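Here is a short report on one protein model. Please look over the sequence and the fold before reading on.

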Amino acid sequence: MGGQACSFSRGVVMPELPEVETVRRGLLPLVGKRILSLELTRPNLRFPFPLDMDSISGRKIEGIDRRAKYILIRLEGNLTWLCHLGMTGRFGNKPEGKHDHVLVDFFDGTRLVYTDPRRFGIMDLFEGRYNHKLLNNLGPEPLGSDWNGGHLHDSLRGRNVSIKSALLDQHIVVGIGNIYASEILFRAGISPKRKAKNISKPMSERIYQQTLEVLKTAIEAGGSTLSDGQFKNVDGDLGYFPHEFAVYDRENENCVSFGCGGLVKRIVQSGRSTFYCSKCQK
Ligand SMILES: [Zn+2]
């Protein structure tokens, strides 16, 4: 086949919160299993593996949580195995080839294989639950109880960046990337070019409500992905499916709003594509 160039012809699409949550749910059958052994096929992903990575061997998996786009595998003995999928990371239950970098064998004979062609993934080990440098400065979870339209409005106050860029800022809210930021703003009827400081309280409320709606729908649909099925769940099947987007990646296609008649536009903001309808979004 065409190799990587082919897989990424539509540009790199990073997994966002719904995709990572789908992966987390796909990993839940591992809870209760005891790790027999670990094999690393290289010394690093984005960063070197921790020197004590092999200390996961012999431990039971007690739970699997998520914070932002980090998967947190809770191990016996108050140890947490932190995983970030980067751009192309995925978990499966059998080896796939040269991009397999982490292979875990369980006492029950099953396996967990981490595959990552681009190697932007991150793995680390730490004691405790959330006391890791990558987790310390993260903003609120969009689906958590400590975030709402009022909090969003407060965090946008006085900010001169576009609302699109603000939604990608992980200090404001975590887990929203390029795809869902476009979708949320389309559904909220708000232009991605509007300055964050000019987002009113009712607008913040609409963005908040549409964030919940868009993320929950995507999680229910099993997340969204490239059409080549780049991500796989632990059963080796597609973990989530190409998702129908209203605006994302639909440049020059008809706006889906009934009676609009406009075309979806693509602009570049902070080096990244934004898709929107200038008739529906003000
Ligand atoms: Zn429209």
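Which residue in E7 is the bridge partner of Val102? Tyr114 takes that place. The model is a predicted one, and every value below is computed from it.

**Overall make-up**

The protein has 282 residues, and 34% of them count as buried. Its secondary structure comprises 6 helices and 10 strands. Among contacts with a separation of 6 or more, 64% link residues 24 or more positions apart.

**The open sheet**

Val102 and Tyr114 belong to a wider pairing. Strand E6 (residues 100-106) and strand E7 (residues 111-115) run antiparallel and are joined by 5 bridges. Strands of a sheet pair through backbone hydrogen bonds, in either a parallel or an antiparallel way. Here 4 strands make up an open sheet, with antiparallel pairing and the order E1-E6-E7-E5. Strand E1 (35-40) and strand E5 (90-92) are the edge strands, each pairing on one side only. From one strand to the next, the twist averages 20°.

**The nonpolar core**

The largest nonpolar core holds 55 residues. Leu167, Ile184 and Leu185 have the most contacts inside it. Helix H5 (residues 178-188) supplies the largest share of this core, 7 residues. Domain 1 (3-127) and domain 2 (149-276) each contribute at least three residues to the core.

**Helix H5**

Is H5 mostly covered or mostly open? Mostly covered: 11 of its 11 residues are buried. Polar and charged names appear on that list too, including Asn178, Ser182, Glu183 and Arg187. Tyr180 and Phe186 are also among the buried residues of H5.

What do these buried residues pack against? The partners are tabulated here.

| Partner of the buried H5 residues | Residues |
|---|---|
| Helix H4 | 163-168 |
| Helix H6 | 201-220 |
| Strand E10 | 272-276 |

Ile184 gives a view of this packing at the level of single residues. Leaving aside residues up to four places away in sequence, Ile184 touches Leu167, Ile207, Gln210, Thr211 and Val214. Leu167 is thus a contact of Ile184, and both are listed with the most contacts inside the core. An α-helix has 3.6 residues a turn, so residues three or four places apart point the same way.

What follows H5? Gly189 does, and its phi is positive, near 70°.

**In brief**

Two features can be checked on screen. One is the sheet E1-E6-E7-E5, with its antiparallel pairing. The other is H5, with 11 of its 11 residues buried and 7 residues in the largest nonpolar core.

Notes
Residues numbered from 1 in each chain as written. Predicted model: local features only at pLDDT ≥ 70, side-chain atom pairs only at ≥ 80, totals over all residues. Core = buried A, V, L, I, M, F, W, Y, C linked by C-beta atoms within 7 Å. Buried ≥ 20, exposed ≤ 12 C-beta atoms within 10 Å, placed from the backbone. Helix = DSSP H or I, 4+ residues; strand = E, 2+ residues; numbered from the N terminus. Domains from an automatic or database assignment. Contact = placed C-beta atoms within 7 Å. Pairing = 2+ DSSP bridges. Axes fitted to C-alpha atoms, helices over the stretch in contact; angles between N-to-C directions.
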